[in-house]
Amino acid sequence: MTMPERDYQPDQFEPRWAERWAQAEPSAPEGQKQKYYVLEMLPYPSGALHMGHVRNYAIGDAVARQLRMRGYDVLHPMGWDAFGLPAENAAIKNRRHPREWTLANIAHMREQARRFGFSYDWAREVTTCLPEYYRWNQWLFLKFYERGWAYRKRGWVNWCPQCATVLANEQVAGGVCWRHEDTPVESRELEQWYFKITDFAGELLRDLEQLGGWPERVRAMQRNWIGESYGAEVEYQLQPPGQGSRPAPVSASAPVSLKIFTTRIDTIFGVSALVLAPRHPALAGMLAAPELARAHALQPERGAAPLGTEAEKEGFFTGWHAINPFTGRPIPVWTANFVLMDYGTGAIMAVPAHDERDFDFCRKYGLPIPVVIRPSQPDAPVPADAAFTEDGVLVNSGEFSGLDSAEARKRMAAWIEARRQGRATITYRLQDWGVSRQRYWGTPIPFIYCPDCGLVPVPQDQLPVQLPENVPISAQGVANLAGIPEFVETTCPRCQKPARRETDTMDTFVDSSWYFYRYLSPHNDGAPFDAAEARRWMPVDQYIGGIEHAILHLIYARFFTKAMRDLGLCNVPEPFLRLFTQGMITRHGAKMSKSKGNVVDPADLIARYGADATRAYVLFAAPPERDFDWNDQGVEGLYRFLGRVYRLAQRHEMDASLLPTDFAPQNSEWQLLRKTHQTLARISQEFESRWHFNTCLAAIMELVNVFYELEPEAGKGIRPAVWRDCLRILVLMLAPFAPFVCAEIWQAWGLRDTPAAQTWPRANPSWTAEDEVEIVIQINGKVRTHLRVRASSDAAELERWALGLPAVQTALAGRSPVKVIAIPGRLVNIVMRP
RNA sequence: GCGAGAGUGGCGGAACUGGCAGACGCCCUGGAUUUAGGUUCCAGUGCCCGCAAGGGCGUGGGGGUUCGAGUCCCCCCUCUCGCACCA
């Protein structure tokens, strides 16, 4: 008896399952099962899911579903990165409150995610713009403040005129804003809140070594970003301008010494000048107003130089001199555009003979170029008209002459340290994270400015500091908090006198730095998260997301975990054990964007082909870590394939009985069992290694082709029990990639639950092995013929049989081969002289 | 310039350890089913020569190691991504 065959029409059953799964209570955690935390990067609720989301979640869901079938207790949550500027821009456009717009988008996107069948535990959903969440941003901010990890500082900051707010260094790439690629970032001098991520720089760098489950590319990017350099600080005493014994009068704020950072203290006998960054604070006490202005004019705007070039080096002599502590001789102090205030001490010693930049600069301005390092190999060539920048042997360096560079660096650092004019030190390129934003739609920073008490943290029991509901929205924008008097005006928690609230909000990267802890106890109102839950679930076993967060989000989140560990909130040093970065989906060779008109809308795909075909195609098109270009016909291929499976399954009855493992197959049963179990072994292996789901789906397609080929044998040469067993395995293997159609088939078969609730099948090794193999016969490395032999045939047998083949006899033409290579199970190569 | 990754049919890709290059899918062609179109099912499909049997060529280019190289080594070319005077 066969069931009536129906066409594959996913819209007739997918919504039904989606609804059922959305309402299903998450399976209760079972203590004895091993935990596995699968996390996908939470999306910004921009309005609708895009293909990038679909790819990210299709990968994560396949992994989560397969792990559940393998018996893990899987945590697979989802949430919304709901604060941020697009909501304000939308507010301006539609005169709609950012909260309304955001929550409406979330509702829609959650519905889309459900329609796709992504198996999230919706009871754990987190929305960062709700006070239940952001109060814990504020709570953590205050904890950081107590530890000195949150502090205020006046300094030059990146300002994006489009965003009308400050940006962190990580959010500026190539001189432009990360959200506005056509907007150069300006620099402004402002007082801002910072997180002291530099306190963790060394640990953030070292612990990268233990992140073996991360792509090397991401680790390299973070390593470069942190930028650790071993070197020394050296303090130079200053001499004001003036001739001989009559120094010119200097102001009270005049500095008496200057600290520089160098990685090459071994070259210090070759210093021609000290050079200060144009914005070095010491210059204010060294230069008269016109010169100071001249110095400030040297400061290049970030990204001012065209890409691929460096600005011409420019600077001028300040009139001051500094005493080289090693030689006792005065050297001129300059200021120049090529010295960065943000790195080291903002001042360098210029050693033109041994640094390319210093060489360019000193040659341009006619400063001397004394040589103090020679190559270790006496006959090695020395660059004629360039700096020799490698390590070597010191010359003209007083008592240090003759030492090699590495040894000299140690001794010279010790020498300067003994004189208390310097020390060996480590410098990082990484700078503290500027977290202030001058925007409305973010977490208010919980501080109060009191005329009497100064800066006062908002007491913990008064959290959250709520974002005011009523905010003026005009064509110019959403007012920031400074423009909302009801918010600003408050009373001092200490003295109760009138006071002002801090009006900056937090960078939204604060929200995403710890959201994956909030999933563990999303409704806890006594703490950001439950420590016992964190002990059970952290670290995240597998994080999946886009490479674009390689530095920003992933370094901030690592920093938060380390800080929270030091606060005693959690006990792991790293948040993400394994990281998988999926590739981009392009179309017509370009990133999908509305302006290019090359967007594929997941909603349209669901309507035409259903969620399963869309998910499966996204996985089939390429290995998940690679970029791929969207092909409209490709989805149709997967739609056809799922239809093939659906129809095949409908044509056959099912029962719940399993084939015994010691079952003795006969005739074509072997073929089906072997193919099924070989496919199963391949897919099981792929889940535990590369995640090349494209080959998994290809393997399932091959298997389905075999089913079609053998279908006339079903119930004849292939007994029903064998046919059913293989068919059931097919559906179970497909279930992580196309859960709807598999559930539908399961139900149509009259079986209980869904494939997702079944145990992942185990490949039977006695059925995967081939008993016969085809051996390639080569002559001089070229395939000439084939030979079918028992799989167990040894090399001697193979050689004997191969040499007896007519084709080989013809080729040999009576001569004897020079050599015969026989590899059991693979080939025989007969080597002859040409 | 520096760092990382990638170059395989008309297209996406497969070949994980050196052992039949092109699995699987798309496109295209033909056949069956169908009143017809669509759907479905089956077959063909790297390039060149050949009616065929068969042969030659072929994984960006050049060289090398090896019985044997898409895979290992050296040199070069192209593309993608990241970094951008970090002393």
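Mentor: Let's start with a definition: buried means under 20% relative accessible area, exposed means over 50%, and partly exposed is in between. Keep in mind that this is a predicted model.

Trainee: Why is Lys364 called partly exposed?

Mentor: Lys364 has a relative accessibility of 38%. Partly exposed covers what is neither under 20% nor over 50%, so Lys364 counts as partly exposed.

Trainee: What makes Lys364 and Glu312 a salt bridge?

Mentor: The cut-off is a side-chain nitrogen of Lys or Arg within 4 Å of a carboxyl oxygen of Asp or Glu. The side chains of Glu312 and Lys364 meet at 2.9 Å, N to O, so the pair is a salt bridge by that rule. Glu312 sits in the loop between α9 (289–298) and β15 (315–323), while Lys364 belongs to helix α10 (residues 356–364), so the pair ties together parts 52 residues apart in sequence.

Trainee: Which residues are joined into one network by salt bridges that share partners?

Mentor: That network holds Glu203, Asp207, Arg558, Lys562, Arg565, Asp566 and Glu574. By the salt-bridge rule, the count comes to 48.

Trainee: How do you know that Glu88 and Arg439 form a salt bridge?

Mentor: Check the value again: their side chains meet at 2.4 Å, N to O, and the limit is within 4 Å, so the pair qualifies. Glu88 lies in helix α3 (residues 85–94) and Arg439 in the loop between β22 (436–437) and β23 (447–450), so this pair links parts that are 351 residues apart in sequence.

Trainee: Are Glu88 and Arg439 buried or exposed, and what tells you?

Mentor: Glu88 has 0% relative accessibility and Arg439 has a relative accessible area of 15%. Buried means under 20%, so both names fit: Glu88 is buried, and Arg439 is buried too.

Trainee: What about the salt bridge of Asp266 and Arg264?

Mentor: Their side chains meet at 3.0 Å, N to O. Asp266, at 0%, is buried, and Arg264, at 14%, counts as buried.

Trainee: Now the strands. What makes β23 and β24 a pair?

Mentor: Two strands pair if there are at least two bridges between them. 4 bridges join β23 to β24, which run antiparallel, so they pass that test. One bridge partnership is Phe447 with Pro457 in β24.

Trainee: Why are β24 and β27 called edge strands?

Mentor: In the open sheet of 4 strands, the order is β24-β23-β28-β27, with antiparallel pairing. β24 (454–457) and β27 (489–491) each pair on one side only, and these are the edge strands. The twist averages 40° from one strand to the next.

Trainee: What can you say about β35 and β36?

Mentor: Strand β35 (residues 772–779) and strand β36 (residues 782–790) run antiparallel, joined by 8 bridges. They form a hairpin with 2 residues between them, and Asn780 in the turn has a positive phi of about 50°. Ile779 stands opposite Lys782 in β36.

Trainee: Last one: how are helices α18 and α21 packed, and what kinds of residues meet there?

Mentor: Helix α18 (residues 632–650) and helix α21 (residues 720–734) pack at an angle of about 145°, with axes 11 Å apart, and α18 passes α21 in a left-handed crossing. Phe641, Leu642, Val645, Leu648 and Ala649 in α18 meet Trp723, Leu727, Leu730 and Leu734 in α21. The contact residues divide into 9 nonpolar, no polar and no charged.

Conventions. Residues are numbered from 1 along each chain as its sequence is written. Chains are lettered from A and ligands numbered from 1 in the order in which they are written. This is a predicted model: local features need pLDDT of at least 70, side-chain atom pairs count only at pLDDT 80 or more; totals for chains, interfaces and linings use all residues. Side-chain values use heavy atoms; hydrogens and water are left out. Axes are lines fitted to C-alpha atoms, for helices over the stretch in contact, and angles run from 0 to 180 degrees between N-to-C directions. A crossing is left-handed if the near helix is turned anticlockwise from the far one by less than a right angle, and right-handed if clockwise. Contact means heavy atoms within 4.5 Å. Ala, Val, Leu, Ile, Met, Phe, Trp, Tyr, Cys and Pro count as nonpolar, Asp, Glu, Lys and Arg as charged, and the others, Gly among them, as polar. Buried means under 20% relative accessible area, exposed over 50%, partly exposed in between (1.4 Å probe, protein chains only).
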